[in-house]
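Thank you for asking me to look over this entry with you. Please keep the sequence and the coordinates open while you read, and check each point against them as you go.

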Amino acid sequence: MLNHKVFSTFLILTLLLTFSQAVWAKDKHSPNAKIQNVLFAPKAGDLFAKGAIVVIPKSDIQKTLTANQKAVNAIFPQGSFIVRSRGMNSGDAPKDVSLTDDLDDYDTVVETPVYDPWEKWNRFWFRFNDKFYLKVTKPVYRGWEYITPKPVRTGLKNFLHNTLFPVRFINNLLQFRFKGAGVEFSRFMMNTMCSAGFADPASKKKTIVPMDDIGEDFGQTLGAWGIGHGPYIVWPFLGPSSLRETVGAVGDWFANPATYLEPWWVSWATKLTLRFNALDRVLPLYEDLTGAAIDPYISMRDAYINFRNNHVKK
Amino acid sequence: MRHFKLQALILILFFLCLVQKAWAIEPRQALEGGLNQVLDLIKSPAYADPKTRSAQREKIAVIVKQNFDFYEFSLRTVGPKWRQFTPAQQKDFSEAFGDLLINTYVNKIDGYNGEQISYAGERSGKDRTEIMTVVAMKGGKKIPVAYRMLPKDGTWKVYDVLVEGISLVKNYRSQFQDILNSSTPEQLIERIRSKANEAKTSHAKS
């Protein structure tokens with residue numbers, strides 16, 4: 001009889017524990033955890049300027065929330081809001097969680113649209129470049145792929161990467177990434193000595209610091225110094241850029257050893273051939289991006305600016 | 001006998017609770033399951049054969065729809081203006097947008113090329129999880145792909161994909177906001193539909 005009682009008590013306790021855990025897990029994942037206060041904002045721009053803090057009682061959170069939302073929507077038709085909540089873990093610091101409308105995920109940072117005062121000019125050259133890439137560059141590149149074996153193309157690509165070593169080295173230094181500069185230097189020495197730069201055995205070595213896979217350049221250095229993009233610019237043939245990246249590209253131009261080849265046309269032909277050869281991944285990427293877009297111009301602009309911003313951070 | 005019945009009842013309840021716990025799938029498991037199913041379909045010989053490829057693509061689309069929530073994708077890409085859409089418009093939009101993504105991305109896969117997907121970590125918010133993966137291409141190039149997921153319908157569903165740190169949702173959001181400044185929701189839905197059809201016919205040709 002005693003055994004039975006012990007057994008039942010054990011089962012009931014386990015049952016309760018499992019159940020409470022399930023509840024806890026549910027609450028942890030559900031947005032209506034204990035909500036402390038709600039911050040409403042009429043528009044993204046003046047999120048904090050006009051925001052009001054509303055304190056909601058612990059009980060009936062969901063109802064209160066919807067009621068408040070309705071009230072706020074009546075005042076601000078396009079209002080977006082952030083809910084500040086504290087989870088069931090009482091030790092947790094309050095975290096910002098976006099809620100109900102789910103317009104944003106966990107990043108509550110307001111995104112500013114890309115500054116594009118020359119959109120008309122840009123759109124014109126974007127259309128021009130698009131035609132040029134797809135009707136001229138792409139077929140010519142297919143021909144190039146036909147006449148050159150893959151190892152030749154890969155070799156030339158590695159060679160180009162290796163000759164651009166000064167750009168990466170200088171910009172690592174300018175961003176005070178001394179270890180990164182060291183990695184670039186040893187990679188350059190290794191690849192140059194092994195193969196004059198036509199192979200890239202150094203890329204298989206583990207580095208002492210995480211390296212940005214595209215390498216540092218002047219545009220990223222300016223970004224790292226806190227300089228913003230400025231207006232977005234689309235250049236004929238060269239494609240998307242910004243004022244900052246254009247200035248950066250001029251810097252890269254001076255740091256590129258091929259610039260100093262004589263006579264001038266050898267310099268230009270070398271650069272053009274090497275750049276053209278390295279398009280193997282760019283063309284399909286371009287087609288993927290613009291092919292899936294409803295407005296390819298905006299898609300490209302957004303992707304370009306985000307891509308550059310991500311690399312400034314890396 | 002009464003005691004026995006009570007105990008039996010408690011036992012049954014106990015096991016029911018255990019079963020319920022087992023139902024709670026981890027986001028990573030849900031994603032892995034979906035990705036593996038898609039990979040298996042792409043790797044299969046039926047995919048390499050052009051005759052049976054379209055049937056395989058249909059199967060992939062079904063799995064994608066099970067794991068990706070296009071409604072959640074849609075409301076995030078439209079942004080604050082989603083509330084001005086009627087429920088019917090919201091439904092049409094989600095369907096058209098889902099078709100567009102499937103036709104342009106999923107059907108773009110020509111076949112299995114030795115790509116390897118590996119798990120690279122995850123981070124979680126309150127009810128959101130980001131699963132980071134790395135796709136290793138045959139040439140040695142590694143592309144970071146992250147999936148943002150939320151709990152829905154007893155499992156976890158993807159609501160955003162980030163390739164090289166670029167969010168699909170954010171990229172479309174900037175496009176749609178621009179378009180919705182000068183067009184109606186109906187016009188936008190129509191544009192998405194025609195783009196999805198365009199992508200579909202270009203696949204049929206290749």
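The numbered points below go from the overall make-up of one chain to its sheet, then to the nonpolar cores and the salt bridges.

1. Before anything else, please bear in mind that this is a predicted model, and that every value in this note is computed from it.

2. Chain B is a good place to begin, since its make-up can be followed along the sequence. Chain B contains eight helices and five strands, and reading along the sequence gives the pattern α-α-α-α-α-α-β-β-β-β-β-α-α. Of the 206 residues in chain B, 47% are buried, and the chain exposes about 11100 Å², of which carbon and sulfur atoms supply 58%. When contacts in chain B between residues at least 6 apart in sequence are considered, 50% of them join residues at least 24 apart.

3. How are the strands of chain B ordered in the sheet? The five strands form an open sheet in the order E1-E2-E3-E4-E5, and their pairing is antiparallel. Strand E1 (116–124) and strand E5 (166–167) of chain B stand at the edges with a single partner strand each, so one side of each is left without a neighbour in the sheet. As general background, strands of a sheet pair through backbone hydrogen bonds, in either a parallel or an antiparallel way.

4. The pairing at one edge can be followed in more detail. E1(B) is joined by eight bridges to strand E2 (residues 129–136) of chain B, and the two run antiparallel. As an example that you can locate yourself, Tyr119(B) has Thr133(B) in E2(B) as its bridge partner.

5. Turning to the interior, the largest nonpolar core has 46 residues, and the members that touch the most others are Phe73(B), Phe93(B) and Tyr172(B). Leaving aside residues up to four places away in sequence, the residues that Phe93(B) touches include Trp82(B), Phe85(B), Phe176(B), Leu188(B) and Ile192(B). A second, separate core of 13 residues includes Tyr141(A), Phe276(A), Ala278(A) and Leu279(A).

6. Over all chains, the structure holds 23 salt bridges. One of them is formed by the side chains of Glu184(A) and Arg168(A), at 3.0 Å from N to O. Glu184(A) lies in helix H6 (residues 178–195) of chain A and Arg168(A) in helix H5 (residues 165–174) of chain A, so this pair ties together parts that are 16 residues apart in sequence. Glu184(A) is buried, with a relative accessible area of 3%, and Arg168(A) is buried as well, at 7%.

7. Another salt bridge in chain A joins the side chains of Arg308(A) and Glu245(A), at 2.9 Å from N to O. Because Arg308(A) lies in helix H11 (residues 296–313) of chain A and Glu245(A) in helix H8 (residues 243–255) of chain A, the pair ties together parts that are 63 residues apart in sequence. Both Arg308(A) and Glu245(A) are buried.

8. Is each partner of the salt bridge between Arg123(B) and Glu130(B) buried or partly exposed? The closest N and O atoms of this pair are 3.3 Å apart. Arg123(B) is partly exposed, with a relative accessible area of 42%, whereas Glu130(B) counts as buried at 5% relative accessibility. Finally, salt bridges that share partners join Glu119(A), Arg123(A), Asp295(A) and Asp178(B) into one network.

Key
Residues numbered from 1 in each chain as written. Chains lettered and ligands numbered in written order. Predicted model: local features only at pLDDT ≥ 70, side-chain atom pairs only at ≥ 80, totals over all residues. Heavy atoms only, no water. Helix = DSSP H or I, 4+ residues; strand = E, 2+ residues; numbered from the N terminus. Buried < 20%, exposed > 50% of the residue type's maximum accessible area, 1.4 Å probe, protein only. Contact = heavy atoms within 4.5 Å. Areas by Shrake-Rupley, 256 points an atom, 1.4 Å probe, with all protein chains shown as cover. Pairing = 2+ DSSP bridges. Core = buried A, V, L, I, M, F, W, Y, C linked by side-chain atoms within 4.5 Å. Salt bridge = Lys/Arg side-chain N within 4 Å of Asp/Glu carboxyl O.
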